[in-house]
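Reader: I am new to reading protein models, and I would like to go through one slowly. Could we look at it together?

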Amino acid sequence: MAKRLTNIADYRSEYSHLSTADEVYFLIEYHANSPTRNSSISNIKKPLSKKGLPEWPHKMRSMREFARTLREIIGEHGFSEVTFVPVPPSQAPDDPMHDDRIKTILELASNGFDSDIRELFVSGESREKAHHGRRRSPDEHCSGMIQNPSISPTALRDVIVVFDDVITTGSSFVAMRRLINEYITTHSFPTPRKVAGIYLARTIHDNRPDAFSRFALNIDDFM
C-alpha cells in the first residue's frame, strides 16, 4: 500500500464537482471495473450483513491496514492539529446496517493521540449507497444529511479535513465543505484556515496502471 497521500490536482478534469481551489488527497487508486486489483477497498465496503461470515475478517484486517498507514503518514502532530470530519454512511444511525467504518478507521489511526474526530453530520434517513445507483449531486447530498443531534457544537480546529473511503466525482466533498461552512457560520465559530479532503482511494474507471501524481503531500505543508 502507498505510504504517501497524493494531490488529486493532476486528475482534476475527472472530477466534475471539484474546483481548482479544492485541496483533496488520496492514498491509492481503486479500479472500479476490476475491484480485485484493490481488494482492500472492496473489503472495507463489505456490509454488516456479512458479519460472522468467513469474509468478515477481511473487512476488519483491511480497516486496520488503512489505519496503520494513515497513522504513519499523518502522525501525532497531524492528528493534534486537525479536526477530521468523516463523511456519514448512507444508513441512518438507527439502521441495523449503519456502518461506521470511516470513523472507526480514523479512531484506530489516531489511538493515543490528541485527535479531534467529529461526526458533525448523519444521514437523516437511510439512502441507497452511491456506488449502487445514480451519483448524487452536492445539493442531493446536502439534503440527505442533518446535523448530528448527539454532538454539542464547539469550535473546530484551524484545519478541517473531510475524510471518506472513495472519491468518484467530488460531489460528497463539495457537499461536506458546504455543510461545514454553514455549521461554522450558524454557530459563529472562527473561520478555519482550510477545509481539505483525504480519501483512501480515488476511483478510476478503466484498467490503466496506477499512476500517481508528482504532487505528494508533505504533512507539514498541509498544516
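The questions and answers below concern a predicted model.

Reader: In what order do the strands of the open sheet lie?
Author: This is a predicted model, so the description applies to the prediction. The sheet is an open one with mixed pairing, and it is formed by 6 strands. Its edge strands, each of which pairs on one side only, are S1 and S4. Read across the sheet, the order is S1-S2-S8-S7-S3-S4.

Reader: Do S2 and S8 run parallel or antiparallel, and how many bridges join them?
Author: In general, the strands of a sheet pair through backbone hydrogen bonds, and the pairing may be either parallel or antiparallel. In this sheet, Val-24 stands opposite Gly-197 in S8. The strands S2 and S8 run parallel, and the number of bridges that join them is 7.

Reader: What angle does the direction of helix H2 make with that of S3?
Author: Helix H2, which covers residues 56-81, packs on the sheet and touches S2, S3, S4, S7 and S8. The direction of H2 makes an angle with that of S3 of about 135 degrees.

Reader: And what angle does the direction of H5 make with that of S8?
Author: Helix H5 also packs on the sheet, where it touches S2, S3, S7 and S8. The direction of H5 makes an angle with that of S8 of about 160 degrees.

Reader: Why does Thr-83 count as buried?
Author: Thr-83 is found in strand S3, which covers residues 82-86. Leaving aside its neighbours within four places in sequence, Thr-83 is in contact with several residues, among them Asp-116, Leu-156 and Val-161. A residue counts as buried under 20% relative accessible area. Thr-83 therefore counts as buried, since its relative accessibility is 0%.

Reader: How many residues apart in sequence are the parts that the pair Lys-194 and Glu-23 ties together?
Author: Lys-194 forms a salt bridge with Glu-23, and the closest N and O atoms are 3.2 Å apart. Lys-194 lies in strand S8, whereas Glu-23 lies in the loop between strand S1 and strand S2, so the pair ties together parts whose separation in sequence is 171 residues.

Reader: Is Lys-194 buried or exposed?
Author: The cut-off for a buried residue is a relative accessible area under 20%. Its partner Glu-23, at 23% relative accessibility, counts as partly exposed. Lys-194 has 16% relative accessibility and therefore counts as buried.

Reader: With which residue does Arg-157 form a salt bridge?
Author: The structure holds 16 salt bridges, and in the one formed by Arg-157 the closest N and O atoms are 3.5 Å apart. This pair links distant parts of the chain, 43 residues apart, with Arg-157 in the loop between strand S6 and strand S7, and its partner in the loop between helix H3 and strand S4. The partner of Arg-157 is Asp-114.

Reader: Where is Ser-188, and is it buried or exposed?
Author: Ser-188 has its place in the loop between helix H5 and strand S8. Its phi is near 55 degrees, a positive value in a residue other than glycine. With 66% relative accessibility, Ser-188 counts as exposed.

Reader: How far apart in space, C-alpha to C-alpha, are Arg-193 and Ile-160?
Author: Arg-193 lies in the loop between H5 and S8, and with a relative accessible area of 46% Arg-193 is partly exposed. Arg-193 and Ile-160 are 33 residues apart in sequence, whereas their distance in space, C-alpha to C-alpha, is 8.2 Å.

Notes. Residues are numbered from 1 along each chain as its sequence is written. This is a predicted model: local features need pLDDT of at least 70, side-chain atom pairs count only at pLDDT 80 or more; totals for chains, interfaces and linings use all residues. Side-chain values use heavy atoms; hydrogens and water are left out. Helices (H or I, at least four residues) and strands (E, at least two) are DSSP runs, numbered from the N terminus. Buried means under 20% relative accessible area, exposed over 50%, partly exposed in between (1.4 Å probe, protein chains only). A salt bridge is a side-chain nitrogen of Lys or Arg within 4 Å of a carboxyl oxygen of Asp or Glu. Contact means heavy atoms within 4.5 Å. Two strands pair if DSSP finds at least two bridges between them. Axes are lines fitted to C-alpha atoms, for helices over the stretch in contact, and angles run from 0 to 180 degrees between N-to-C directions.
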